[in-house]
Amino acid sequence: MRIISYGCGNYKPFKDNFSIELRPLTLIYGKNNSGKSACMRVLRLILRALSTRATGAFPIQVDGLSFGAKFLDLVHGKLPHGFASFSIKLEV
């Protein structure tokens, strides 16, 4: 199985939806504090949520990596009635 692309919307610094298509060499670059780390971490979050090792409704702590104290910390603007969306495309 190979990951073709992944993305999210309304997640941490990203108000709009975004998707990253993975190639043999994929570079992520940008200004400081522009969301590069959040962009890379979301893949780990998605994979853990789909894992058989997942416990609970949605993982906030993944292998020692904290995404926040509560799910609301994942939502852009931390809106009380907000949402975050995640996607992943796999090739079998």
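This passage walks through the fold of a small set of strands and a helix in a predicted model, from the whole chain down to single residues.

Start with the overall layout. The protein has one helix and five strands, and read from the N terminus these elements come in the order β-β-α-β-β-β. The radius of gyration is 13 Å, close to the 12 Å that the globule rule gives for 92 residues, so the protein is as compact as a globular protein of that length. Put in a box along its principal axes, the set of C-alpha atoms takes up roughly 40 × 35 × 25 Å. Of the 92 residues, 32% are buried. The accessible surface adds up to about 6500 Å², and carbon and sulfur atoms account for 55% of that. The chain also brings together residues from far along the sequence: among contacts between residues at least 6 apart, 51% join residues at least 24 apart.

Next comes strand S1, which covers residues 2-9. Six of its eight residues are buried, so S1 is largely enclosed by the rest of the structure. Two other strands pair with S1. With strand S5 (residues 85-91), S1 forms seven bridges in the antiparallel sense. With strand S2 (residues 18-21), S1 shares four bridges, and these two strands run antiparallel as well.

Ser 5 is a handy place to see both pairings at once. This residue sits in S1. Its bridge partner in S5 is Lys 89, while in S2 it stands opposite Glu 21. Once neighbours within four places in sequence are set aside, the contacts of Ser 5 are Ser 19, Ile 20, Glu 21, Leu 22, Ile 88 and Lys 89. Ser 5 has a relative accessibility of 13%, and because the cut-off for buried is under 20%, it counts as buried.

Now for the inside of the protein. In soluble globular proteins, nonpolar side chains tend to be buried together. Here, the largest nonpolar core has 17 residues, and those with the most contacts inside it are Tyr 6, Tyr 11, Phe 14, Phe 18, Val 42 and Phe 67. S1, S2 and helix H1 (36-50) each supply at least two residues of this core. The biggest share comes from H1, which gives six residues.

Helix H1 itself has 15 residues. From its first C-alpha to its last, H1 reaches 22 Å, close to the 21 Å expected at 1.5 Å a residue. Its buried residues are Ala 38, Cys 39, Val 42, Leu 43, Leu 45, Ile 46 and Arg 48. As for what lies over them, the cover includes S1, S2, strand S3 (61-62) and S5.

Tyr 11, one of the core residues with the most contacts, shows how parts of the chain come together. Not counting residues up to four places away in sequence, Tyr 11 touches Ala 38, Arg 41, Val 42, Leu 45, Phe 67, Leu 74, His 76, Ala 84 and Phe 86.

Phe 86, on that list, is worth a look of its own. This residue belongs to strand S5. At 25% relative accessibility, Phe 86 counts as partly exposed. Its contacts, again leaving aside neighbours within four places in sequence, are Gly 7, Cys 8, Tyr 11, Val 42, Leu 45, Ile 46 and Phe 58. Among these are Val 42, Leu 45 and Ile 46, which are buried residues of H1. Phe 86 and Gly 9 also make a good example of sequence distance set against spatial distance: the two are 77 residues apart in sequence, yet their C-alpha atoms are 6.6 Å apart in space.

Finally, the loops. Lys 12 lies in the loop between S1 and S2, and its phi is near 40 degrees, a positive value in a residue other than glycine. With a relative accessible area of 26%, Lys 12 is partly exposed. Asn 33 also has a positive phi without being a glycine, near 65 degrees. Its place is in the loop between S2 and H1, and at 82% relative accessibility Asn 33 counts as exposed.

Definitions and conventions
Residues numbered from 1 in each chain as written. Predicted model: local features only at pLDDT ≥ 70, side-chain atom pairs only at ≥ 80, totals over all residues. Heavy atoms only, no water. Buried < 20%, exposed > 50% of the residue type's maximum accessible area, 1.4 Å probe, protein only. Pairing = 2+ DSSP bridges. Contact = heavy atoms within 4.5 Å. Core = buried A, V, L, I, M, F, W, Y, C linked by side-chain atoms within 4.5 Å. Expected span 1.5 Å × (residues − 1). Rg over C-alpha atoms; globule rule 2.2 N^0.38 Å. Areas by Shrake-Rupley, 256 points an atom, 1.4 Å probe, with all protein chains shown as cover.
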